[in-house]
Amino acid sequence: MNSAKQKSVSKTKTNIASVGALTKGLKLNDLELHAISYVCEEMAIHPKKNLVRVGISQLDATSLKCLVAPVEGNTTEKWLHSGIINSYGTMLNSDRKNNNAEMKHAVSDAQCQWICKVGRAWIKSGRPHWRLCLELAQELLGADMVFLPMNTSNTHWWLCVLHPGRNEFQVLNSFNWHIDYEQETFELRCGIHSILQAILNSSEKLASRWNNYDILKWDVVVKDNIPRQYDACSCGIFTIKYMQYWNGRELTNMFSQTDMETIRKRMPAELIMTPLNEITSSKDHVLAM
């Protein structure tokens with residue numbers, strides 16, 4: 001970018017009116033409005049510029065476009081990027097490491113896909129999988145509850161939850177699908193089973209908060225007492241909120257479809273300003289606006 005354009009951008013202040021169409025009818029604070037304005041600026045000038053780096057996830061301006069779309073509209077442009085789901089999972093893990101009473105762990109989308117691949121291999125061969133799974137096994141066994149975000153055909157997010165204390169493989173889906181979840185989750189459950197069996201049959205000694213490792217004998221329980229979506233683009237937000245508020249029996253903080261756009265528009269500030277965001281220049285820019 002030439003120096004003249006850089007100078008112009010660096011002096012830009014948030015124009016509340018300019019983001020009004022994006023936030024119509026929503027109650028947002030100045031920091032949240034500044035973050036939306038910053039994302040919009042970078043989308044126009046540097047769409048591939050990374051604004052957020054949380055754990056393994058890097059989010060450029062284009063990846064955040066789904067969060068700054070106008071309130072009105074129900075399009076595929078509002079579907080959440082997997083990096084956003086993973087970032088919130090990393091943030092959740094960081095927050096709950098200090099809660100020794102109940103340890104919860106969120107698995108990344110990439111890890112979920114890899115576990116399903118392991119499950120397919122185990123179904124064919126019957127041999128437990130060992131390679132590259134020691135750290136993951138410790139993360140699973142060290143948690144009282146494990147969240148596994150699932151993505152069906154790259155069009156719909158939903159959540160699986162391992163609850164070893166109840167011997168339950170729980171399903172939380174913002175769409176009230178009437179499908180066979182035992183079959184739908186079979187590869188995932190086989191992958192987890194394979195990984196755990198490989199570790200447990202080895203000489204490795206892992207700290208565990210589990211009493212029953214035979215996940216294939218756990219009950220698959222579809223939870224009905226949860227909020228549902230009534231649009232075609234909020235599944236990712238529902239999935240994040242399930243991870244944040246599910247305690248194994250119920251949600252500790254309720255939300256609904258009517259909250260989705262406010263939650264969506266608050267997310268750019270949450271992602272940019274989290275202490276886990278390694279791109280400090282994004283924080284500085286938002287704070288300076």
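Two strands are taken to pair if DSSP finds at least two bridges between them. In this predicted model, strands E1 and E2 form a hairpin with two residues between them. The turn contains Gly55, which has a positive phi of about 60 degrees. The pairing of E1 with E2 is antiparallel and extends over four bridges. Within this pairing, Val52 stands opposite Leu59 in E2.

A further five strands make up an open sheet of mixed pairing, in the order E3-E4-E5-E6-E7. Its edges are formed by strand E3 (104–106) and strand E7 (219–222), each of which pairs on one side only. From one strand to the next, the twist averages 25 degrees. Strand E6 (residues 168–172) and E7 run in the parallel sense, and four bridges join them. Val171 is placed opposite Val222 in E7. Helix H3 (residues 82–96) packs on the sheet and touches E3, strand E4 (145–152) and strand E5 (156–163). The direction of H3 makes about 160 degrees with that of E3. Helix H8 (residues 235–245) also packs on the sheet, where its contacts are with E3, E4, E5 and E6. The direction of H8 makes about 20 degrees with that of E5.

The loop between E4 and E5 holds two residues with positive phi, Ser153 and Asn154. Most residues other than glycine have a negative phi. For Ser153, which is not a glycine, phi is about 55 degrees. For Asn154, likewise a residue other than glycine, phi is near 60 degrees. Ser153 has a relative accessibility of 62% and therefore counts as exposed. Asn154 is exposed as well, with a relative accessible area of 62%; the cut-off for this class is over 50%.

Helix H9 (residues 260–273) has 14 residues, which at 1.5 Å a residue should span 20 Å. The C-alpha atoms at its ends are 20 Å apart, so the expected and computed spans agree. A kink of about 30 degrees is nevertheless found in H9 at Arg266, shortly before the proline Pro268. The helix is mostly covered, with eleven of its 14 residues buried. Both Met267 and Pro268 are among the buried residues, as are the charged-type side chains' positions Glu261, Arg264 and Lys265. The buried residues of H9 pack against helix H2 (30–45), strand E1 (50–54) and strand E2 (57–60), and also against H3, H8 and helix H10 (280–288). H9 thus has packing partners in the hairpin strands E1 and E2 as well as in H3 and H8, the helices that pack on the sheet.

Helix H2 contains Cys40. With a relative accessibility of 25%, Cys40 counts as partly exposed, given that the buried class requires a value under 20%. Leaving aside residues up to four places away in sequence, Cys40 touches Leu22 and Val68. Between Cys40 and Arg96, which are 56 residues apart along the chain, the C-alpha separation is 32 Å.

Eight aromatic pairs are found in a search of the whole structure. One of them joins Trp210 and Tyr213, whose ring centres are 6.5 Å apart and whose planes meet at 15 degrees, so the pair is stacked. Trp210 is buried, with a relative accessible area of 4%, whereas Tyr213 is partly exposed at 24%. A second pair consists of Tyr242 and Phe255, with centres 6.0 Å apart and planes at 45 degrees, so this pair is tilted. Tyr242 lies in helix H8 and Phe255 in the loop between H8 and H9, so the pair ties together parts that are 13 residues apart in sequence. Both Tyr242 and Phe255 are buried. The two residues also belong to a cluster in which ring pairs link Phe238, Tyr242, Tyr245 and Phe255.

Methods. Residues numbered from 1 in each chain as written. Predicted model: local features only at pLDDT ≥ 70, side-chain atom pairs only at ≥ 80, totals over all residues. Heavy atoms only, no water. Axes fitted to C-alpha atoms, helices over the stretch in contact; angles between N-to-C directions. Contact = heavy atoms within 4.5 Å. Expected span 1.5 Å × (residues − 1). Bend = angle between axes of the 7 residues up to and from the residue. Buried < 20%, exposed > 50% of the residue type's maximum accessible area, 1.4 Å probe, protein only. Phe/Tyr/Trp six-rings, centres within 6.5 Å; stacked < 30°, edge-to-face > 60°.
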